[in-house]
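Let's take a relaxed walk through a protein model, one piece at a time. Keep the picture open while you read.

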Amino acid sequence: MKKLFILSTISALMASGAYAVDITESGMLNSPIEGDLNFTTDGVVLTRVGAAIVNGNITVAENVTATIDMQSNLELKGGIISGASKETSVFDFQGYHLSTTRSGTWPNPCPNLTIQNVTLKYTGDYGSGNESNNWTPVPAANGGILRAGVTTIDNANVEMIEGTLGIHRVDSSDTASVILKNGSTLTFAEKRTGDNLYAASINFGNTASSLTANQKMMQLTGNSKLEVKNSLNFSGLGIDATDSSIVIKTGTNVGTVKLNNSTLEVQSSMTGTSGTTSAFVISSLSGKNTISGTGTMRARATSGSIELNSAEVNLILSNVIASFQDNKAGTLRIGSDGTKHDYQTQLYGVVQFNDGKVIVGSNTQIGSTSSRNDFNLASYKSATTVPDSIKSNIMAGAKIYAGKARIMTGIFDGYISATGVQAANGWNHSLAFGAFSTTNTGNNQKANITLGENAQVDVTPTASTYFGLYGNVDVNAKKDMLVSNANAPLMIYKNSVITLNSTDAFKVGGATSQAESDFNFFADHTNITLKVNADNNIGRLVYGSSLTEAALDIATGKVLTVGSVELASGADSGTIALVLGDNIERGMLRITDMDDILANYGSSYDLIFTDTLGSDRVLGENLFLENIDGDYLVYTVAVPEPAQWAMIIGALALGFVAYRRRK
């Protein structure tokens, strides 16, 4: 009873106009309090059954931990909770609502709240109902609300143990709704199990629709930190961090995130804001930033985007960087903002992108020679055709240093180095433009990709694997720019069209040139076409088995020179078929080093030529072989006999004379 008497006396002093009266004893909290609650003694606990009003502020002295434990609402009209320092002053509130004065007019705005130089522990673990008018604690769905118009945390720590940080504002200023500055921290604790308590969260309340885009921001400056240990919904309002850090430990809808000289650690899923509007996870970067963790950054919007640009980014994610929910199209921009594509951007970590498109700007470097991770662009992996509007684009000048890598769709005009080995999913490659599975067709990922004129590939694994091509691959790279070592021979798989628009771009399997390189066709695979639109030289066409089939489609006036056509070493013996179209004129296809096979064509069991329907070609009818200084010309369009040539030349001469006479 002594404690109750002391507090009643304090309440009377405050009512008479005395302010900032020291609270030195534990006891009941009376209401209203007409001045400040100034806790000066460590360990003081004030309790109350009903609601209470403090017309002033709450202050906590140095080396003091003070507690208010009540079963209803505390209204703090002064709007300031302060202490001597965040390390030495602790205010532990356990109740239902701790709010500034809430208006009764919709949408119930509140004045601002400032928390400074103190550690505030908020536990909103009481419900609004009661049992037999005794205000028995009943956990509420929202776990109580720490409510204000704008909440400023200045050189302070706020621990949301349970309950909601609520924002109820309608003013027109551009001030951020939650401000952390001067080394402050805001922590949302994970949901506790076994004690029927709810997790901490943030809610921008009924006023969110009244706010402008500039207001809808949590702002961190001056080495402040936001740590989210539980699923947290920011209602798409987002975070702006400068010289600060963000740690996301569980699934969180964060809306926009802007980083400037800051760090973001992601340990679980991060989603965008809406299924119908553009949404971002990383909207912009500037300065030097670190993004790390094991989680997914994911935009939910139909055509949203994730942008990593305009910055130096140290990206260390061991799982997935970015994807789009429900297979919706979106864009991951690295070193690009959609208009400017040459931001200086540096990223480290795994890149795994399963939906949408990726834009990598010309001044971007992903990984380094000493720091390599997987680089996988698996978007639209099963599409027959891909519109230009949804194609990925690795721009000229971009550099990628990967362990193992696969790229399915778009334009690749940059540089990629791959040194690893992919063995999972039945894939066997170091680098693959299109990934074919030898164990499960469900793992097949067919490419629709163009290698640009600036494309450069360097495949140098230390263990045996392939440099794989599967799907539609258009090659425009310059001579000797697509390189692999002896551990990574070029392997081409079924149902593929490899279009050579440039001359001798490949130097594979450790060969010194494409003229010395093997183009390998996987065992038993068919429907493989080499479409030759420029003069090219290939060392050997190597068939994995006698059931393998490959076709040559050579553009008129272009020359393909092939050293030989053979079975792979160790393959089953038998006849192999090279499919030739009807338009191959004399001189368009040369095969060298095959004297025995071609000189004895028709009696050989090693090689046959077929037409596109699979029928054997017949010498002298729809197949012509000609030995010119040891090189065999192979063609399907008959050369006119001398008499026919005379008639053609005569007709041309007559036409020329007639032309002159008409003139």
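## A buried threonine

Start with Thr 67: its relative accessible area is 13%, and since anything under 20% counts as buried, this residue is buried. You'll find Thr 67 in strand β7, which covers residues 64–70. What does Thr 67 touch, once you skip residues up to four places away in sequence? Its contacts are Val 44, Val 45, Leu 46, Asp 92 and Gln 94.

Keep in mind that you're looking at a predicted model.

## The overall picture

Now zoom out. The protein has 663 residues, and 51% of them are buried. Its secondary structure adds up to three helices and 63 strands. If you take the contacts with a separation of 6 or more, 61% of them link residues 24 or more positions apart. As for the outside, the accessible surface is about 26,800 Å², and carbon and sulfur atoms account for 47% of that.

## How sure is the prediction?

The mean pLDDT is 81, with 75% of the residues reaching 70 or more. Some stretches do score low, though. Over residues 1–18 the pLDDT stays under 50, and the model gives this stretch 27 contacts beyond four places in sequence. Residues 299–303 are also below 50, with 29 contacts in the model beyond near neighbours in sequence. Where pLDDT is low, don't read the predicted coordinates in detail.

## Two nonpolar cores

The largest nonpolar core holds 70 residues, and Phe 375, Phe 433 and Leu 541 have the most contacts inside it. Which strand gives the most to this core? That's β42 (residues 399–407), which supplies four residues.

Look at Leu 541 for a moment. Leaving aside neighbours within four places in sequence, Leu 541 is in contact with a list of residues including Phe 519, Phe 521, Leu 530, Leu 552 and Leu 578. The list also takes in Ser 564 and Glu 566. Apart from the largest core lies another one, made of 53 residues, with Val 44, Leu 120, Tyr 122 and Leu 264 among them.

## Strands side by side

Why is strand β13 (residues 119–123) largely enclosed by the rest of the structure? Because four of its five residues are buried. β13 pairs with strand β10 (residues 89–94) in the parallel sense, over five bridges. Here Val 90 stands opposite Thr 119 of β13. β13 also pairs with strand β16 (residues 157–167), again parallel and over five bridges. In that pairing, Leu 120 has Val 158 in β16 as its bridge partner.

Further along, strand β18 (residues 185–188) runs parallel to strand β21 (residues 225–228), and four bridges join them. Thr 185 stands opposite Lys 225 in β21. β21 pairs in the parallel sense with strand β24 (residues 245–248) too, over four bridges. There, Lys 225 has Ser 245 as its bridge partner in β24.

## One last stop: Val 579

Val 579 sits in strand β59, residues 576–580. Is this residue buried or exposed? Its relative accessibility is 11%, so Val 579 counts as buried.

Not counting residues up to four places away in sequence, Val 579 touches Ala 550, Ala 551, Leu 552, Thr 610, Asp 611 and Thr 612. Take Thr 612 from that list: Val 579 and Thr 612 are 33 residues apart in sequence, and their C-alpha atoms are 6.0 Å apart in space.

Conventions:
Residues numbered from 1 in each chain as written. Predicted model: local features only at pLDDT ≥ 70, side-chain atom pairs only at ≥ 80, totals over all residues. Heavy atoms only, no water. pLDDT = per-residue confidence, 0-100. Contact = heavy atoms within 4.5 Å. Core = buried A, V, L, I, M, F, W, Y, C linked by side-chain atoms within 4.5 Å. Buried < 20%, exposed > 50% of the residue type's maximum accessible area, 1.4 Å probe, protein only. Helix = DSSP H or I, 4+ residues; strand = E, 2+ residues; numbered from the N terminus. Pairing = 2+ DSSP bridges. Areas by Shrake-Rupley, 256 points an atom, 1.4 Å probe, with all protein chains shown as cover.
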